[in-house]
Amino acid sequence: MPTKTTTPSKCPACAHDLVLLEAGALSWCSACRWNLDVYDPALAPWRGTRMIGRWGFRRGLEVDRAAHEQLLADPEARPAGTSSGEVWLLAASVVLALLGLAAAGYLVWLVVASDLPPGVRLAMAIPAVLILLLVKPSFGRVPKYGVITEREAPQLHRLVREVADAAGTPVPDVICADLSLNAGVARLGWRQRSVLVIGIPLWVMLPRPARASLLAHELGHLANGDPLRVRRTLLARTFGARAVAATGGRNPWRRAIRAADSLAEQGRGTVVLLGMIVHGIVALANVAAATAQLLVDSVAMPDSRHAEYRADLVARRVAGSAPFLRSSETVLLAGRIWQDLWHLAPRIDGEQLEAMAAEARQRLAAHLPLARQLSRRTTDLWSTHPSEDQRMALIEALPGVDGAVCVDDIRWAEIDTELAPWRRTAHNALLGTRDRF
Ligand SMILES: [Zn+2]
Ligand SMILES: [Zn+2]
């Protein structure tokens with residue numbers, strides 16, 4: 001059936017052909033960026049409702065614009081002590097902690113001092129137990145699998161130390177590898193030790209100098225005042241996620257409807273009604289917790305965004321402008337490169353991964369301009385990082401610099417040798433996932 005389209009195919013501003021990813025999506029102009037910065041529900045992160053999603057998308061753009069202006073005016077600016085975002089999260093943490101203490105005190109009173117019948121006491125204890133579960137701090141665990149000790153990889157540890165020195169940040173307590181297309185730092189365990197996680201697939205894809213840039217960005221987080229990474233704000237940062245998990249995770253309404261359906265099949269009027277009410281309350285609590293967490297976070301996000309850009313500026317200073325831009329480009333292509341390696345995997349071994357990834361990076365470079373623009377549509381206020389396009393634009397707007405840390409090819413080769421078992425593991429992962437498709 002022929003369909004008549006009313007959407008323009010030429011840019012009204014510059015007459016260039018428009019980009020249309022899929023029917024019904026919002027097209028934009030890749031030449032002059034007309035209509036690029038619009039909320040596109042098909043691409044933007046899902047935040048429960050469109051209204052919240054749209055607000056978060058627009059607010060994200062505002063926050064990024066303000067951060068750019070400020071950092072371009074003074075790239076060397078250091079965070080001024082405690083940020084307002086941190087104060088806010090701290091206050092929310094204190095309220096949650098007090099709530100927890102009150103619930104604990106109430107429980108003690110129920111058990112020790114009250115002379116109500118046991119059944120009534122049990123019923124009265126339930127809300128307090130729920131509150132305690134909600135505010136109980138969860139510290140996360142330092143992973144046991146994947147830890148790379150200094151004995152196993154002395155050169156990698158030396159590089160991380162040098163990057164930390166140049167960045168002016170503490171050295172992470174633990175270095176870990178995993179099989180993600182990612183890297184990160186986190187504070188984990190009840191001692192909140194700093195853990196640097198290196199996703200080996202991403203590491204393998206990165207040109208060598210860009211690896212130093214990646215490390216510098218991550219280590220930059222250990223000293224840049226990101227309110228979302230400070231120990232003191234843990235309670236406020238995690239209560240929503242915990243409540244959402246406790247009430248069943250994502251898609252609460254779909255789950256409630258399904259549960260109601262299966263109850264209805266079993267019959268028995270009052271039981272069905274009661275079950276529906278319980279499932280409805282759980283779903284409501286789920287949505288309320290997710291929304292509350294988004295609201296709490298949204299106040300802290302401007303400071304967090306600043307911290308991300310500052311970590312990028314650290315990467316520029318430590319590793320240089322060009323390696324930073326190469327690392328961003330690799331991140332933009334990472335999914336496609338991994339797909340290419342997946343096709344090649346049966347014909348190569350772990351040692352060839354790096355060369356093959358470099359070839360794929362070259363071959364796929366034509367996708368970069370569009371992937372870069374697209375990253376703006378997939379980022380909003382609550383995304384962990386600004387879009388790659390915005391991050392690259394900040395570094396491009398500043399004068400190009402060489403990095404402070406220089407690593408020669410001999411040392412890179414030594415680090416490669418230390419990580420050889422991990423390349424084999426990544427190769428096995430590529431082979432292993434083949435049967436699933
Ligand atoms: Zn145009
Ligand atoms: Zn970051």
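Is C14 buried, partly exposed or exposed? C14 is partly exposed, with a relative accessible area of 37% (buried means under 20%, exposed over 50% and partly exposed in between, using a 1.4 Å probe and protein chains only). Welcome to a predicted model, in which local features need pLDDT of at least 70 and side-chain atom pairs count only at pLDDT 80 or more, while totals for chains, interfaces and linings use all residues. Residues are numbered from 1 along each chain as its sequence is written, chains are lettered from A and ligands numbered from 1 in the order in which they are written, and side-chain values use heavy atoms, leaving out hydrogens and water.

**The zinc ion (ligand 1)**

- Four cysteines serve as protein donors here: C11 (SG), C14 (SG), C29 (SG) and C32 (SG), at 2.2 to 2.3 Å from the zinc ion (donors are N, O and S atoms within 2.8 Å of the metal, or 3.2 Å for Na, K and Ca; water is not among the atoms, so sites may look incomplete).
- The site is tetrahedral, with angles of 105 to 117° among its 4 donor atoms (four donors count as tetrahedral if all angles lie between 85 and 135 degrees; four count as square planar and six as octahedral if opposite donors are over 155 degrees apart and all others between 65 and 115; anything else is irregular).
- Along the sequence, the donor residues follow the spacing C-x2-C-x14-C-x2-C.
- C14 sits in the segment before β1 (18–19) and C29 in strand β2 (residues 28–29), so this pair ties together parts 15 residues apart in sequence (helices, H or I, of at least four residues and strands, E, of at least two are DSSP runs, numbered from the N terminus).
- C29 is buried, at 0% relative accessible area.

**The zinc ion (ligand 2)**

- H217 (NE2), H221 (NE2), E308 (OE) and H385 (NE2) coordinate this zinc ion at 2.0 to 2.2 Å.
- The arrangement is irregular because the 4 donor atoms subtend angles of 83 to 152°.
- E308 in helix α9 (residues 269–319) and H385 in the loop between α12 (368–377) and α13 (388–397) link distant parts of the chain, 77 residues apart.
- E308 counts as buried at 1% relative accessibility, whereas H385 is partly exposed at 22%.

**The sheet**

- An open sheet of 3 strands runs in the order β3-β5-β4, with mixed pairing (two strands pair if DSSP finds at least two bridges between them).
- β3 (174–178) and β4 (183–188) stand at the edges with a single partner strand each, so one side of each has no neighbour in the sheet.
- β4 and strand β5 (residues 193–199) pair in the antiparallel sense over 6 bridges.
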